[in-house]
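Reader: Hi! I'm just starting out with protein structures, and I'd like a close look at one part. Could you walk me through the place where the ligand sits?

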Amino acid sequence: MLIDILTIFPEMFCAPFGGGLVRRARDKGLITIEIHNIRDFALDAHRKVDDYPFGGGPGMVLKPEPIARALRSLKRGREEPKRVIFLTPQGELFTQSMANRLSLEKHLVFICGHYKGIDERIREKYVTDEISIGDYVLSGGELAAMVVIDAVVRLMPGVLNDSQSALDDSFQDGLLDCPWYTRPRVFEGMEVPEILFSGDHRKIEEWRRAKSLERTRRRRPDLISGDDL
Ligand code: 9D3
């Protein structure tokens, strides 16, 4: 999978993509990530990427030409990308089912916005999907893009090993995870549930399922009613 990212803060991506799962996927050749600095496509003397909003008001709007030029440059010599994703608080709320769908694509382009966002004409002409990662205010789309990319990349075949299989994910069956324990058997006076030493794998599976359901009912009843997935 090819992942292009358009941003005015390219440095932000170094640490999250320089280690962990995304790094491993890159090393294995499963993904290629290209980060494009929108400022490199601003042709004026001051390399200006934003401007005052027409009609007035606080804040700045990202100018359309540098973004359009950046998009044109990354399309050069390549197939037309099927999805150009704009990260915005106005977008569709990101879910596991969206991650599943995106993980099947060959090429994803992400545009990171900022306070006020981007000129509306870029959205109209180039953007195919708009995604929000939740109802809280971030300072820009960069962290949201990293969240989406992490969730998508880990679903790709070969990224996780068997013991981390994405098929086990609690969200894949729509429930929260059960409690997990490791050694020591007694920690600060607290014991591990007896059933986990029974050796009865069917019973243990039943217990885990019951705990998952109990937790989900208490903390996230919306997941049981099937609002998502
Ligand atoms: C003035 C109204 N604000 C919207 C609630 C403006 C605004 C605030 C913050 C516009 C953009 C931003 C920056 N956030 C993102 O670009 C963003 C975001 C987010 O803030 N929350 C959850 N998901 C996302 S995806 C991109």
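Reader: To begin with, how many Å separate a polar side-chain atom of Ser132 from a nitrogen atom of the ligand?

Author: Sure, and keep in mind that this is a predicted model. For Ser132, the gap between a polar side-chain atom and a nitrogen atom of the ligand is 3.4 Å. Backbone atoms join in too. A backbone N or O atom of Tyr136 sits 2.8 Å from a nitrogen atom of the ligand. Over at Gly141, a backbone N or O atom is found 3.2 Å from an oxygen atom of the ligand. On its own, the ligand has 570 Å² of accessible area, and the protein covers 77% of that.

Now step back to the whole neighbourhood. The ligand is surrounded by 18 residues, and the closest are Ile133, Gly134, Tyr136, Leu138 and Gly141.

Let's stay with Tyr136 for a moment. You'll find Tyr136 in the loop that runs between β7 (129-132) and α6 (142-153). Is Tyr136 buried, partly exposed or exposed? Tyr136 counts as partly exposed because its relative accessibility is 47%, and the range for that label runs between 20% and 50%. Tyr136 also helps make a nonpolar surface patch of about 440 Å², together with Phe9, Met12, Leu138 and Leu143. Leu138 turns up in both places: in that patch and among the closest residues around the ligand.

If you want to place this on the chain, the domain assignment gives domain 1 (2-153) and domain 2 (168-228). The C-alpha centres of these two domains are 37 Å apart.

One more stop, starting from strand β7 (129-132). Asp129 belongs to a network of salt bridges that also links Lys82, Arg83 and Glu105. Side chains of opposite charge can pair when their charged atoms come close. Within the network, the side chains of Lys82 and Glu105 meet at 3.3 Å, N to O. This pair ties together distant parts of the chain, 23 residues apart: Lys82 is in the loop between α3 (64-75) and β5 (83-93), and Glu105 is in the loop between α4 (96-102) and β6 (107-112). Lys82 counts as exposed because its relative accessibility is 62%, whereas Glu105 is buried because its relative accessible area is 13%. Across the whole structure, a search finds 18 salt bridges.

Definitions and conventions:
Residues numbered from 1 in each chain as written. Predicted model: local features only at pLDDT ≥ 70, side-chain atom pairs only at ≥ 80, totals over all residues. Heavy atoms only, no water. Patch = residues over 30% accessible without salt bridge, like charges linked within 9 Å, V, L, I, M, F, W, Y side chains within 5 Å. Areas by Shrake-Rupley, 256 points an atom, 1.4 Å probe, with all protein chains shown as cover. Salt bridge = Lys/Arg side-chain N within 4 Å of Asp/Glu carboxyl O. Helix = DSSP H or I, 4+ residues; strand = E, 2+ residues; numbered from the N terminus. Buried < 20%, exposed > 50% of the residue type's maximum accessible area, 1.4 Å probe, protein only. Domains from an automatic or database assignment. Near = heavy atom within 4 Å. Polar contact = N/O pair within 3.5 Å; in protein donor to acceptor, adjacent residues only side chain to side chain.
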